[in-house]
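Thanks for coming, everyone. Please take a look at the structure on the screen, and then we will walk through a few places in it.

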Amino acid sequence: MSIQIKKSGLLRRAPENFLDAPLREAITEQGLNDERRGFLRKSFAAATAALASGAAMARPGSMPEGDGDPLILNLQDHAKSLGNPVVMQGYGQPSKFESNLQRRQSPGLTRVPQASVSFAPLQGFFGIITPNGLHFERHHQGWIDNDPAQHRFMINGLVREAKVYTMDDLMRLPSVSRMHFIECGANSATEWGNVAVPTVQYTHGMLSCCEYTGVPLSVLLDDCGIDRKKAKFVLAEGGDGSAMTRTIDIARAMDDVIVAYAMNGEMLRPENGYPLRLVVPGVQGVSWVKWLRRIEVGDQPWATKDEAIHYIDLQPSGLHRQYTSVQECKSVITTPSGGQMLLEKGFHNITGLAWSGRGKIKRVDVSADGGRSWRTARLEGPVLGKCLTRFNMDWNWDGGPAILQSRAIDETGYVQPKINQLREVRGTKSIYHNNAIQSWKINEDGEVSNVQVA
C-alpha cells in the first residue's frame, strides 16, 4: 500500500463530558424541554470553544524556529529512574492519560438509571474489537453479578429429556470462539425525526464487537434430544429482575447461536450477562439474553411483551411490523465525526465501521460532497460475517466546506439507504432499526457537526 501524504492534517478530539452535574440531573429527572435543550447546545458549544483556545490548539511538538525539540534533546525524568514494579496492578488498567474515554449515558433518555443505556465511545476505538470495559450497556432492570457456582441453565419443552446444567457442566463441553457485532435495535433512534445529538458516541454508540466463547446452542439442544419434527422456535429467558424473554426461530437457533461465557478472552463482565448470555449473530441485541437461565423449545412464537410491542418497526400508517430482528447493513464514519475539528488543511484519514446482520461487508463507499460523488474505501481485514469491518480512505481537505458520508453494501447486494428512503417505508416516528446513511458537515473553520442530507 502506497499513500502520498503531501501535508498531514491535524484533528482535535470532540469534547467529552460537557454537561455539568446539575443540568445532567435536571434532564434526567425532568426530560428535555426547549430551555434545557438550549442549555445542552450551549454547553456543547462552550466545551468546543474551550478546546479551540489555548494549548489545545497548539500543534504537538511545536517549538521556536531553529531550536530542537526539547522532548527529543533532553532525557525525561522517567528515562533516568526506575519505573513501576511488576504486578503493581493485578488486573491492568488503561493509561491515566486515556481516562476520558468512557461509555456514557445520554441525559434525559431514560428516567430510571436501572432501565437505561450507556453508549460506547466509537470515536476512540481502533480496529474492530471493543474493549470489555467500554462495551455498551442496555439494561431493563439493572445489572447483577451472579455467583457462577449458584447459576443454573435449563433446557425444556419439546426435548426428549429436560436438563439442568451448571457452569462447570457447560465449560466442559466442546466450545467455539467467534467475533461478532452486537447492536441495540434502538441504536441511532434519536436520528429518526431530525438531528438530535452531537457526536458519534450518542448517534451510533449502542454498538460493540467482541470475540465470544461458549457452547453452540445446537450442541445443547441435541444433548437434550430436541424434537426436530415439532420444534419451530425456542424461547430464551434471562435471570435478572426483568426476566427478559425472546423468541428465536429454530433454523437460527440450530445455526450459529452460542451459549457464551467468555468475551475477548476473559469471562463475561457482569454488565454483559456474567456468567452466561446468548449470542445471536446478526440479530438485534435484545435477543442476546443476558444472565441466561432457560431455553424452552416450542412449536410457535411466544409473543412476549418485549417482542410484541417493543423492538418492532413502525410504518407510516402507524401500524407495527412485528418480529423484525435482523440488523440490516449499516456504516458510520467515526473520524472525522461530530464535535471533532480539523485544525489544518491537508491529508486526513477518514475511518469508520461497517456491519451487516446478513453476512459480510462487500464494499464501503465514502463521499465528501454529501453523496453527489463516491469513492471506494479500503476494507481492513479481517472481513468476517456478522462482524464489524473497519474501513479507511485517504482524503486531502482543501479547507472548504464538505459533507462526509459512508455507504455500506453487504454480500447480499443490500445497499445502506439514505434517511429519506428509510422514512418512505417507516415514517418519522419509528424508534428501532435506523440504518440510514449518517452525514457529518465540515465548515470552513474545520468544525464537524451532525447534519441530515435527504
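Let me start with a question: is leucine 292 buried or exposed? Keep in mind that this is a predicted model. Leucine 292 is buried, because its relative accessibility is 0% and the cut-off for buried is under 20%.

Where does this leucine sit? Leucine 292 is in strand β13, which covers residues 292-298. Now look at what surrounds it. Setting aside residues up to four places away in sequence, leucine 292 touches His151, Arg152 and Phe153. Its list of contacts also includes Ala236, Glu237 and Gly238. Further along come Val259, then Leu276, Arg277 and Leu278. One distance goes with this. Methionine 154 is 138 residues from leucine 292 along the chain, yet their C-alpha atoms are separated by 9.1 Å.

Next stop, valine 215. This residue belongs to strand β7, residues 207-216. Valine 215 has a relative accessible area of 1%, so it is buried. Which residues does valine 215 touch, not counting those up to four places away in sequence? Among them are Leu170, Leu173 and Pro174. Leu220 is on the list too, as are Val257, Ile258, Val259 and Tyr261. Val259 is a name you have heard already, as a contact of leucine 292. Arginine 172 lies 43 residues from valine 215 in sequence, and the C-alpha to C-alpha distance is 9.4 Å.

On to a loop. Serine 242 sits between β8 (233-238) and β9 (245-249). It may be in a loop, but serine 242 is buried, because its relative accessible area is 16% and buried means under 20%. Its side chain makes a polar contact with the side chain of aspartate 240, at 2.9 Å. Beyond its neighbours within four places in sequence, serine 242 is in contact with His140 and Gln141.

Now the cysteines. How many disulfides does the structure hold? Zero. Take cysteine 387: the nearest cysteine sulfur belongs to cysteine 209, at 3.6 Å, and cysteine 387 is in no disulfide. Why not? A disulfide needs two cysteine sulfur atoms within 2.5 Å, so a distance of 3.6 Å does not qualify. Cysteine 387 is buried, at 1% relative accessibility. Cysteine 184 is buried as well, at 4%.

Let us turn to a sheet. Strands of a sheet pair through backbone hydrogen bonds, either parallel or antiparallel. Here we have an open sheet of four strands, paired antiparallel, in the order β16-β18-β22-β21. Which strands are at the edges? They are β16 (330-335) and β21 (378-380), and each pairs on one side only. From one strand to the next, the twist averages 30 degrees. Zoom in on one pair. β16 meets β18, residues 346-355, over five antiparallel bridges. Serine 331 has its bridge partner in β18, and that partner is alanine 354.

Last, a helix. α9 runs over residues 419-426, and its buried residues are Ile419, Leu422 and Arg426. They span an arc of only 65 degrees around the axis, so they lie on the same side of α9. What covers them? The cover includes β14 (313-314) and β15 (320-321). Just after α9 comes glycine 427, with a positive phi of about 75 degrees.

That is the tour. Over to you for questions.

Terms used:
Residues are numbered from 1 along each chain as its sequence is written. This is a predicted model: local features need pLDDT of at least 70, side-chain atom pairs count only at pLDDT 80 or more; totals for chains, interfaces and linings use all residues. Side-chain values use heavy atoms; hydrogens and water are left out. Helices (H or I, at least four residues) and strands (E, at least two) are DSSP runs, numbered from the N terminus. Buried means under 20% relative accessible area, exposed over 50%, partly exposed in between (1.4 Å probe, protein chains only). A polar contact is a pair of N or O atoms within 3.5 Å; within protein, one must be able to donate a hydrogen and the other to accept it, and residues adjacent in sequence count only if both atoms are side-chain atoms. Contact means heavy atoms within 4.5 Å. The arc is that of the directions from the helix axis to the C-beta atoms. Two strands pair if DSSP finds at least two bridges between them. Axes are lines fitted to C-alpha atoms, for helices over the stretch in contact, and angles run from 0 to 180 degrees between N-to-C directions.
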